[in-house]
Amino acid sequence: MPISSLAALPIRRLTLRDLTACADLSENRGWPREEHKWGLLLAAGKGYGIDDPDGGLVTACVVTEYGPYSEPDLGAIGMVLVAERHARQGIGRRLMRHILSAMGTTPLTLHATPYGRPLYEELGFKVTGHAEMLRGHFIPGGPDPTVSTRAATAEDLATILRLDEEVLGTDRTHLITRLPAFADQFRVAEENGRIIGYAAAWPNMHTHVVGPLVARDTKTAQSLLTSLAAGTDRPLRTDIDVRHEALRAWARERGLAPVTLNSIMTYGIPELPGDWHRRFAPLTVVAV
């Protein structure tokens with residue numbers, strides 16, 4: 001299709017009815033289909049895309065908003081994809097400019113691959129940090145975890161939400177309340193009956209993704225990750241803020257090998273809100 005024709009195609013909001021088309025687009029670009037993750041993002045966030053007159057989608061992405069419903073204080077952009085047959089024709093740039101316009105003055109964040117980073121820098125995003133993806137079969141060993149963990153219950157949810165907003169610096173109720181149904185495991189860490197961290201492991205193709213991982217300190221994060229690993233035979237994957245060097249080193253000793261390093265970028269704010277010391281891994285790199 002000529003570039004001029006592509007430019008005339010309208011950008012529209014995506015819904016859960018577009019889940020299969022989004023998964024097809026992921027597969028077209030060599031990514032896993034990730035239908036489980038797409039389902040969460042399209043339900044909790046706002047999808048944007050362009051229909052291909054020949055079928056499927058030309059491009060797609062999702063923006064997940066946080067904070068007050070009518071006036072979000074942060075938006076996370078993810079799953080920015082352009083079909084291979086339409087790549088390198090300015091479609092991704094056009095979609096991103098549309099999102100920047102639609103989000104107005106709302107600060108934004110995203111995780112950028114080395115391939116996508118130049119476009120985002122051109123649009124005004126700044127690198128404010130990095131996250132290392134690690135993946136592999138967890139190898140038990142070393143000292144026993146020193147922090148007690150258990151499965152989260154419905155009675156824990158209000159406390160988890162308060163802790164999450166304190167650590168993330170924004171309200172993620174619409175995501176956190178979906179974790180019991182979305183994740184295969186949802187656990188909390190306790191000290192003297194007080195919740196000091198929580199984490200989830202959710203299925204993504206042949207792995208379990210550990211995220212979010214919120215903890216008082218490295219030992220608490222280790223105990224949560226160990227407890228999640230004990231509940232699955234699948235390889236684990238997680239994306240750890242590189243500032244948490246001790247957890248990254250420990251995870252590598254436990255069999256999780258580095259896969260890639262992505263840039264954490266922001267637009268409209270100098271850095272992400274909240275307390276990074278207790279924010280070890282995001283729910284997913286396409287949200288926060």
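**Close-up views of a predicted single-chain model**

**Figure 1. The whole chain, seen through its surface, fold and charges.** The accessible surface of the chain comes to about 12,800 Å², and carbon and sulfur atoms hold 52% of that area. The model shown here and in the views that follow is predicted. Its secondary structure consists of 10 helices and 13 strands. With a radius of gyration of 19 Å, close to the 19 Å that the globule rule gives for 288 residues, the chain is as compact as a globular protein of that length. The C-alpha trace spans about 65 × 35 × 30 Å along its principal axes, and 53% of the 288 residues are buried. Among the contacts with a separation of 6 or more, 72% are made between residues 24 or more positions apart. The chain carries 31 positive and 33 negative charges, and the mean positions of these two sets are 3 Å apart.

**Figure 2. The cysteines C22 and C61.** Why is there no disulfide between C22 and C61? A disulfide is a covalent bond between the sulfur atoms of two cysteines, and the search for one applies a cut-off of 2.5 Å between the sulfur atoms. The cysteine sulfur closest to that of C22 belongs to C61 and is 9.6 Å away, which is too far for a bond. Seen from the other side, the sulfur of C61 has that of C22 as its closest cysteine sulfur, again at 9.6 Å and too far for a bond. A search of the whole structure accordingly finds zero disulfides. As for their surroundings, C22 counts as buried at 0% relative accessibility, and C61 is likewise buried, with a relative accessible area of 0%.

**Figure 3. L25 in helix α2 and its contacts.** L25 is found in helix α2, which covers residues 19-28, and with a relative accessible area of 3% this leucine is buried. Leaving out residues up to four places away in sequence, L25 touches L57, V58, T59 and A60, and also L81, V82 and A83. The pair L25 and L81 is separated by 56 residues in sequence, while their C-alpha atoms are 7.2 Å apart in space.

**Figure 4. Two methionines with positive phi, M79 and M205.** Phi of M79 is near 55°, a positive value in a residue other than glycine. M79 has its place in strand β4, residues 74-82, where it is buried, with a relative accessible area of 3%. Phi of M205 is near 60°, and here too the value is positive in a residue other than glycine. M205, however, lies in the loop between β9 (194-204) and β10, and its relative accessible area of 42% makes it partly exposed.

**Figure 5. The cis peptide bond before P212.** Which residues are joined by a cis peptide bond? The bond in question links G211 and P212, with omega at about 0°. P212 is found in strand β10, which covers residues 207-215.

**Figure 6. L157 in helix α6 and its partners.** L157 is found in helix α6, residues 157-168, and is partly exposed, with a relative accessible area of 22%. Once neighbours within four places in sequence are left aside, L157 is in contact with I176 and T177. From L157 to I176 the separation is 19 residues in sequence and 8.5 Å in space, C-alpha to C-alpha.

**Figure 7. Q222 in helix α9.** The place of Q222 is in helix α9, residues 218-229. Is Q222 buried or exposed? At 18% relative accessibility Q222 counts as buried, because the cut-off for a buried residue is under 20%. Residues up to four places away in sequence not being counted, Q222 touches L247 and W250.

**Figure 8. S263 in strand β12 and the residues around it.** S263 is found in strand β12, which covers residues 257-267, and is buried, with a relative accessible area of 6%. What does S263 touch, not counting residues up to four places away in sequence? The contacts of S263 are with L110, H111, A112 and R117, together with V127, G129 and H130.

Notes. Residues are numbered from 1 along each chain as its sequence is written. This is a predicted model: local features need pLDDT of at least 70, side-chain atom pairs count only at pLDDT 80 or more; totals for chains, interfaces and linings use all residues. Side-chain values use heavy atoms; hydrogens and water are left out. Buried means under 20% relative accessible area, exposed over 50%, partly exposed in between (1.4 Å probe, protein chains only). Helices (H or I, at least four residues) and strands (E, at least two) are DSSP runs, numbered from the N terminus. The radius of gyration is taken over C-alpha atoms; the globule rule is 2.2 Å times the number of residues to the power 0.38. Contact means heavy atoms within 4.5 Å. Accessible areas come from the Shrake-Rupley method with a 1.4 Å probe; for residues, only the protein chains shown count as cover. Lys and Arg count as positive and Asp and Glu as negative; His and the chain ends are not counted. The place of a charge is taken as NZ of Lys, CZ of Arg, CG of Asp or CD of Glu.
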